Amino acid sequence: MVRLIDREDLRAAIDDGEVSVVDTLSRMSWAARRLPGAVHLPPSDVRADVVSSLLPDRGRMVVTYCSNHGCTASLRVAEALESLGYTNVHRYRPGLSDWIAAGLPFESSP
């Protein structure tokens, strides 16, 4: 069962380098704004070969997120990761909109 993580705990994990953050939105959205250090993995790309190259450590904390509470992509990816044997999967359900609204830093591609 996918566990939820709140903004404060996620921020602390990112700051400590203890987490792999997974953006489940479209490539365009990921390029425009993403959480610090996030890799891009939309539901359509969840295959064992892709996942193992992005997330080689199945025991490391992984947090998926998408745009907001109503978005289900992060849940679908989190469940798929668990089915592939990842043991420490969390979901940041409030998503990118919550992170941005809190004024926290984000990355973007030129």
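Buried means under 20% relative accessible area, exposed over 50%, and partly exposed in between, with a 1.4 Å probe and protein chains only. The model is predicted: local features need pLDDT of at least 70, side-chain atom pairs count only at pLDDT 80 or more, and totals for chains, interfaces and linings use all residues. Residues are numbered from 1 along each chain as its sequence is written, and side-chain values use heavy atoms, without hydrogens and water.

**Exercise 1. The disulfide**

Find which cysteines form a disulfide, and state whether they are buried or exposed.

Solution. Step 1: a disulfide is a covalent bond between the sulfur atoms of two cysteines; here the criterion is a pair of cysteine sulfur atoms within 2.5 Å. Step 2: this rule gives a count of 1 disulfide. Step 3: the partners are cysteine 66 and cysteine 71, with sulfur atoms 2.4 Å apart. Step 4: the angle about the S-S bond is -135°, and the link is left-handed. Step 5: cysteine 66 and cysteine 71 are both buried.

**Exercise 2. The sheet**

Give the order of the strands in the open sheet, and explain what is special about E1 and E3.

Solution. Step 1: helices (H or I, at least four residues) and strands (E, at least two) are DSSP runs, numbered from the N terminus. Two strands pair if DSSP finds at least two bridges between them. Step 2: the 5 strands of the open sheet follow the order E1-E5-E4-E2-E3, with parallel pairing. Step 3: E1 (3-4) and E3 (39-40) are at the edges with a single partner strand each, so one side of each has no neighbour in the sheet. Step 4: E2 and E4 run parallel and are joined by 5 bridges. Valine 22 stands opposite threonine 64 in E4. Step 5: H4 packs on the sheet and touches E2, E4 and E5, its direction making about 150° with that of E4. Such angles run from 0 to 180 degrees between N-to-C directions, the axes being lines fitted to C-alpha atoms, for helices over the stretch in contact.

**Exercise 3. Helix H4**

List the buried residues of H4 and determine what covers them.

Solution. Step 1: in H4 (residues 73-83), Ala73, Ser74, Val77, Ala78 and Leu81 are buried. Step 2: seen down the axis, these residues fall within an arc of 130°, so they line one face of the helix. The arc is taken from the directions from the helix axis to the C-beta atoms. Step 3: contact means heavy atoms within 4.5 Å. The cover includes strand E2 (19-23), helix H3 (48-54), strand E4 (61-65) and strand E5 (89-92). Step 4: just after H4, glycine 85 has a positive phi of about 100°.
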